[in-house]
Amino acid sequence: FQAAEPLVAKMVRLLRRCRPKLVFVPFIADPHPDHFKANLILGKALKRSGLLLPQMQILQYETWSIVPATVYSEINSTLHLKEEALMTYATAMKVRDYVDHCLQMNAYHHLMLSGGKGFAESFLAMSGDRYVETASEGFEPANN
């Protein structure tokens with residue numbers, strides 16, 4: 001897949017206008033084709049943006065693959081909001097109980113990262129320059 005140039009150009013304009021310090025994106029090794037494409041687009045756009053990438057943090061979140069977490073946030077008090085948001089993905093729910101899938105991963109990360117029971121959203125954090133380098137390595141996820 002070659003990142004569609006109009007989407008890359010649009011992302012460059014958005015990045016230049018917003019100048020984010022923090023960007024959330026699906027985990028770069030996630031096998032879902034849309035998530036793979038989103039990472040390609042973001043990587044190319046960041047590279048062209050002219051922004052100070054070492055000062056930017058890219059937080060990659062889990063969807064279908066477990067993230068090798070470097071940072072996490074406890075979500076015990078807001079877990080109900082995540083469940084409500086996940087229920088809006090009707091197609092994903094037809095494939096599997098995605099709410100349960102996410103809750104299991106959140107419980108796993110809380111246990112592994114904090115040593116206790118609860119729920120945590122986990123992320124692989126990279127500086128913008130490291131992310132661009134990783135996204136530019138021609139990474140291809142395994143086929144579903």
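Select glutamate 133. In this predicted model, glutamate 133 is partly exposed, with a relative accessible area of 46%. Now add arginine 130. Arginine 130 is partly exposed as well, at 36%. The two side chains meet in a salt bridge, 2.8 Å from N to O. Both residues sit in helix H6, residues 128–135. They are 3 residues apart there, so about one helical turn separates them.

How many salt bridges does the structure hold? It holds 3. Side chains of opposite charge can pair when their charged atoms come close.

**Next stop: lysine 82 and glutamate 121**

Select lysine 82 and glutamate 121. They form a salt bridge, with the closest N and O atoms 2.6 Å apart. Lysine 82 belongs to helix H3, residues 79–86, and glutamate 121 to strand E4, residues 120–127. The pair therefore ties together parts that are 39 residues apart in sequence.

Are these two residues buried or exposed? Lysine 82 has a relative accessible area of 18%, and glutamate 121 has 15%. Buried means under 20%, so both count as buried.

**Next stop: arginine 48 and glutamate 5**

Move to arginine 48. Its salt-bridge partner is glutamate 5, and the closest N and O atoms are 2.6 Å apart. Arginine 48 lies in helix H2, residues 33–49, while glutamate 5 lies in helix H1, residues 5–18. This pair ties together parts that are 43 residues apart in sequence. Check the accessibility of each partner. Arginine 48 is partly exposed at 40%. Glutamate 5 is partly exposed too, with a relative accessible area of 41%.

**Last stop: along helix H2**

Stay with arginine 48's helix and select all of H2, residues 33–49. Set a distance between its end C-alpha atoms: they are 24 Å apart. What span should the 17 residues of H2 have at 1.5 Å a residue? The expected value is 24 Å, which agrees.

Now colour the buried positions of H2. Among them are His35, Phe36, Asn39, Leu40, Ile41 and Leu42. Further along, Gly43, Ala45, Leu46 and Ser49 are buried too.

What do the buried residues of H2 pack against? Show H1 and H6, then strand E1 (22–26) and strand E2 (57–61). The buried residues of H2 pack against each of these elements. H1 also carries glutamate 5, the partner of arginine 48. H6 holds glutamate 133 and arginine 130, where the tour began.

Finish with glycine 50, just after H2. Read its backbone torsion: phi is positive, about 80°.

How values were computed: Residues numbered from 1 in each chain as written. Predicted model: local features only at pLDDT ≥ 70, side-chain atom pairs only at ≥ 80, totals over all residues. Heavy atoms only, no water. Salt bridge = Lys/Arg side-chain N within 4 Å of Asp/Glu carboxyl O. Helix = DSSP H or I, 4+ residues; strand = E, 2+ residues; numbered from the N terminus. Buried < 20%, exposed > 50% of the residue type's maximum accessible area, 1.4 Å probe, protein only. Expected span 1.5 Å × (residues − 1). Contact = heavy atoms within 4.5 Å.
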